[in-house]
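Colleague: I'm new to reading protein structures, and I'd love some help. Could we go through one together, feature by feature?

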Amino acid sequence: KEKEKEKEKEKEKEEEEKERNKEKEGMAVIPTKEDAVPPTTTASPSHDLETLREQLVEAENQITRLRQNNDEEIRIAREKALGEGQETLEETRNALAKRTGEVNMLGQCVAGLEADLKRQEEKILVLQEETAQRLLDAQAATKTARNGESAAMEEAKSLQKRLEASHEEVRAAEAKIGRLEEQLAKETRTVDTQLRAMAEKLRVAEIATRVRMTEVAEQKAKIEELTAKYEEARQEVAEYHAKEKKLSGGTRNVAALQAPEVVDLQISGETILGSALKALAKWAWCNESDCRWQWYRLKADGFPEEITDATQSVYVPMADDVSRTLKVECTPVNSQGKKGATAHATTLKPIEVDTATLDAIYSYVQAGSVEFNVVEKTTTHDENRILVLSKPRFKIRSGRITLRKETWSENLHVKMNAKLPRQFSIYFEDHGIQVFECESTRMRDTIVLTFRRFATSSEKRTSSMFRRTGPKETKESLKRSFTSEAMDQYLERTTTTVTDGSAPSSGQNSPRRAVVGRGLSGANDA
């Protein structure tokens, strides 16, 4: 439509130029006094007056046509510029909020053009007045009219150039708008890609949550089954003790002399970090409350290492037990204080890191740094702290204030205690110790494993708790990096090994291998 309008305007301009040429050709040229030929007859004064009036009318008509042509061109240019500007601004108002300054400059240019047009109109009025004044003299009036016409043509050409310049500015503005629209489209595509990636992550998280819920349901079912079996065993023991009470006094004396015994010692529970393990057995000539318990973790060479404060029948594996086989020792004692033979049981599989903890450690390693909110335990009060772990170093902060900053070294390590399931201690190079507490046991194990991962991945370490997997580390390679040998290398510097012979050797007799299943209680306390 715009091209058709331009063609129509060009046709109109050509027609107007043709009319102007015809008018110029048909216009009578009034001779000057020097060029005038003496007339054969004397002209009447009324004839000269009539000729002057016709020339005046013709000049006024020519000026009127010039003004009309100029007004029409100005109106068309103004309508086109304003129409295109309004449509473009209406379509891209929201996307070009930052470019309003340029649009304002364009509006100022249009206002300047309007001012120029008004000045041209004023000049035309001045020319018209001068032409009317000079028409009193025929020669001067004609020359002034011709000069005024040429000046008007020059002004029209100048105005045309200015209109073309304004068109160029409008086209430049449209080009800028096009570039901004392309940039907006690119940013929109980028945002859409990010949203799709986030949606995919949410979908994967939902699937993982459903899988975890299914596993929890299976765990609950197995826990209920094992609980029922445990209650049946307790009932059998109770029945056995009831029968024992019915025996004669002589039988009681024999029972007092009989050594207590543990029969069929087993470990029940899932060999996963943070999942509780329960030691189950049957007792003869004693009670479960009189027995003495001790848990051990077996090193790579099979030597049992005593776990400090693990002296109950229930034990929750912690970070130090990863990739280790656990062993429980039960020493029966009767009411007279007589001890029986010590029974042993071991897990069929070493302790593994659960999927959630492994995913968390993998994400921290990939990110290169992580922050944990902990509580520092002191003798007088507790303080909230932020533990920042990264590849080059780690920090302890209170809000934004850095309290301590350390680089990784062999003398910097972390320890745990089975009796305090949410606490861990950091031992520094200057022999300083700081005790921290987490919100859960799972969080403590995650912090300890991440701490050791960053510590052993540093170039300053001479030995590693984990195998180095290179820059392209995956979840499977991270999982395979947990080995008993690497754990032994790390814990040799941080844990005191039992050397007084109180810990039993791995070669002692054991009534039966442990049967590994789901834990009875305390599983997944996070």
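Modeller: Happy to! Keep in mind that this is a predicted model. Let's begin with aromatic rings: the structure holds 7 aromatic pairs. To read a pair, look at the distance between the ring centres and the angle between the planes; planes over 60 degrees apart count as edge-to-face. The rings of F394 and F451 have centres 5.6 Å apart and planes at 70°, so this pair is edge-to-face.

Colleague: Which parts of the chain does the pair of F394 and F451 tie together?

Modeller: F394 lies in strand β10 and F451 in helix α7, so the pair connects parts that are 57 residues apart in sequence.

Colleague: Are F394 and F451 buried or exposed?

Modeller: For that we use relative accessible area, where buried means under 20%. F394 has a value of 1%, so F394 is buried. F451 is also buried, with a relative accessible area of 1%. F451 has another ring partner: the centres of W408 and F451 are 5.1 Å apart with planes at 85°, so that pair is edge-to-face. Here W408 sits in the loop between β11 and β12, while F451 is in helix α7, 43 residues apart.

Colleague: Which residues do ring pairs link into a cluster?

Modeller: The cluster consists of F394, W408, F428 and F451. While you are looking at F428, find R404, which lies over the face of F428 at 3.8 Å from the ring centre. You can spot a similar arrangement at Y427: the charged end of K415 sits over that ring, 4.7 Å from its centre.

Colleague: Now the sheet, please. What is the order of its strands?

Modeller: To read a sheet, walk across it from one edge to the other. In this open sheet of 7 strands, the order is β11-β10-β9-β8-β14-β13-β12, with antiparallel pairing. The edge strands are β11 (401-407) and β12 (413-417), each of which pairs on one side only. From one strand to the next, the twist averages 35°.

Colleague: How many bridges join β12 to β13?

Modeller: There are 5 bridges between β12 and β13 (residues 420-427), and the two strands run antiparallel. For one of the partnerships, look at N417, whose bridge partner in β13 is L420.

Colleague: And where can I see hairpins?

Modeller: Follow the chain from one strand into its partner. A hairpin joins β9 to β10 through 2 residues, and 4 bridges hold these antiparallel strands in register as a pair.

Colleague: Which residue stands opposite L387 in β10?

Modeller: That is I396. Continue from β10 to β11 and you find another hairpin, with 2 residues between the strands. G399 in that turn has a positive phi of about 70°. β10 and β11 pair in the antiparallel sense over 6 bridges, and the bridge partner of R397 in β11 is T402.

Colleague: Is there a general idea for where the side chains of a strand point?

Modeller: Yes: in a regular strand the side chains alternate between the two faces of the sheet.

Colleague: Which strands does helix α7 lie across?

Modeller: Helix α7 (residues 441-457) lies across β8 (369-377), β9 (382-390), β10 (393-398), β12 and β13. The helix runs at about 25° to β13.

Colleague: What about M443: where is its place, and what does M443 touch?

Modeller: M443 is in helix α7. Leaving aside residues up to four places away in sequence, M443 touches F372 and C438. With a relative accessible area of 24%, M443 is partly exposed. The C-alpha atoms of M443 and Q423 are separated by 9.9 Å, and these residues are 20 apart along the chain.

Colleague: Which residues touch the most other members of the largest nonpolar core?

Modeller: Think of a core as buried nonpolar residues joined through their side chains. The largest one has 49 residues, and L265, W295, L387, L389, F394, F424 and I426 touch the most other members. The largest share of this core, 6 residues, comes from α7. I426 has contacts beyond its sequence neighbours that include L387, F394, L412 and F451. A second, separate core of 5 residues includes I74, A77, L117 and L163.

Colleague: Could we finish with N69? Is N69 buried or exposed?

Modeller: N69 lies in helix α2 (residues 45-91). Its relative accessible area is 12%, so N69 is buried. Not counting residues up to four places away in sequence, N69 touches E16 and R20.

Methods: Residues are numbered from 1 along each chain as its sequence is written. This is a predicted model: local features need pLDDT of at least 70, side-chain atom pairs count only at pLDDT 80 or more; totals for chains, interfaces and linings use all residues. Side-chain values use heavy atoms; hydrogens and water are left out. Two strands pair if DSSP finds at least two bridges between them. Axes are lines fitted to C-alpha atoms, for helices over the stretch in contact, and angles run from 0 to 180 degrees between N-to-C directions. Contact means heavy atoms within 4.5 Å. Buried means under 20% relative accessible area, exposed over 50%, partly exposed in between (1.4 Å probe, protein chains only). Rings of Phe, Tyr and Trp (its six-membered ring) pair if their centres lie within 6.5 Å; planes under 30 degrees apart count as stacked, over 60 as edge-to-face and the rest as tilted. A charge sits over a ring if NZ of Lys or CZ of Arg is within 6 Å of the ring centre and within 35 degrees of the ring normal. A nonpolar core is a set of buried Ala, Val, Leu, Ile, Met, Phe, Trp, Tyr and Cys residues joined through side-chain atoms within 4.5 Å.
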